[in-house]
Amino acid sequence: MGRLSLAGDPRVLEAVASWHHGQWAGPRGESLPQVQERLRERLRRGAGETWVYLADGKPAATARLLHDENPIAPGNVLLLADLLVAPEWRGQGIGRALCAHMVALARQERAGPLHALTVDRVDFFRKVGFRCLADTVVTAIGRTRVLASLLVHDRS
């Protein structure tokens with residue numbers, strides 16, 4: 001597993017953008033070029049650290065670690081965001097391994113507990129040590145409002 005620069009290798013950015021588009025952005029009306037530009041903009045702003053898990057030398061999963069606004073209380077939290085395993089690599093423990101890596105990074109940062117925000121993967125996060133704090137409405141891709149669950153990992 002390694003932290004790859006999305007800007008340094010266009011194939012990595014294209015793969016991650018394609019996954020984001022298929023999982024979240026496309027169903028909400030965002031085009032693939034829009035997703036690619038949004039990822040490039042995040043890179044320009046330095047919006048979090050993006051990690052890419054490599055399997056057989058190819059991108060297989062991605063996740064981002066960032067400080068973001070707490071959706072249920074004043075202040076910021078350390079947030080695990082955009083955890084996504086490519087469809088062809090699902091069911092092989094890659095998401096679990098990447099999540100464990102992000103928890104270890106959060107411990108190293110000593111920025112308090114690691115949080116995750118998810119619309120549809122509460123069960124997965126519970127299996128890897130998170131517990132649900134609250135359900136909240138957040139603004140998602142395309143400025144739509146969605147119900148999401150905020151979780152926290154107590155051992156981070």
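This report walks through the fold, one helix, the nonpolar core, the aromatic rings and the cysteines of a predicted model.

## Overall fold

The protein chain has 156 residues, and 45% of them count as buried. Four helices and six strands make up its secondary structure. Read from the N terminus, the order is α-α-β-β-β-α-β-α-β-β.

Contacts reach far along the sequence. Take the contacts between residues at least 6 apart: 55% of them join residues at least 24 apart.

## Helix α2

Helix α2 covers residues 32–45, which is 14 residues. Its first and last C-alpha atoms lie 20 Å apart. That is close to the 20 Å expected at 1.5 Å a residue. Just after the helix comes G46, with a positive phi of about 70°.

Which residues of α2 are buried? They are V35, Q36, L39 and R42. Viewed down the helix axis, these buried residues fall within an arc of 120°, so they line one face of α2. The general rule behind such a pattern is simple. An α-helix has 3.6 residues a turn, so residues three or four places apart point the same way.

The buried residues of α2 pack against three elements: α1 (10–25), β2 (58–69) and β3 (76–85). The face turned away from this buried side carries exposed residues, namely P33, R44 and R45.

## The nonpolar core

In soluble globular proteins, nonpolar side chains tend to be buried together. Here the largest nonpolar core holds 39 residues. Six of its members touch the most others: L80, I94, M102, L114, F125 and F130.

Many elements feed this core. Those giving two or more residues are the helices α1, α2, α3 (94–109) and α4 (122–127), along with the strands β1 (49–55), β2, β3 and β4 (114–118). The most comes from α1, which gives eight residues.

L80 offers a view from inside the core. Set aside its neighbours within four places in sequence. L80 is then in contact with A63, R64, C99, M102, L114, H115, A116, L117, F125 and F130.

## Aromatic rings

The count of aromatic pairs comes to two. In one, the ring centres of F124 and F125 are 5.3 Å apart and the planes stand at 75°, so the pair is edge-to-face. The other joins F125 and F130, again 5.3 Å centre to centre, with 80° between the planes. This pair is edge-to-face too.

Together, F124, F125 and F130 form one aromatic cluster. How buried or exposed are its members? F124 is partly exposed, with a relative accessible area of 24%. F125 and F130 are both buried. For F125 the relative accessibility is 5%, so this residue falls under the 20% limit for buried. F125 and F130 also appear among the core residues that touch the most other members, and both are in contact with L80.

## Cysteines

A disulfide is a covalent bond between the sulfur atoms of two cysteines. How many disulfides does a search of the whole structure find? The result is zero.

Two cysteines can be placed by their accessibility. C99 has 1% relative accessibility and counts as buried. C99 is also one of the residues in contact with L80. C132 has a relative accessible area of 28%, so it is partly exposed.

Terms used:
Residues are numbered from 1 along each chain as its sequence is written. Side-chain values use heavy atoms; hydrogens and water are left out. The expected span of a helix is 1.5 Å times one less than its number of residues. Buried means under 20% relative accessible area, exposed over 50%, partly exposed in between (1.4 Å probe, protein chains only). The arc is that of the directions from the helix axis to the C-beta atoms. Contact means heavy atoms within 4.5 Å. A nonpolar core is a set of buried Ala, Val, Leu, Ile, Met, Phe, Trp, Tyr and Cys residues joined through side-chain atoms within 4.5 Å. A disulfide is a pair of cysteine sulfur atoms within 2.5 Å. Rings of Phe, Tyr and Trp (its six-membered ring) pair if their centres lie within 6.5 Å; planes under 30 degrees apart count as stacked, over 60 as edge-to-face and the rest as tilted.
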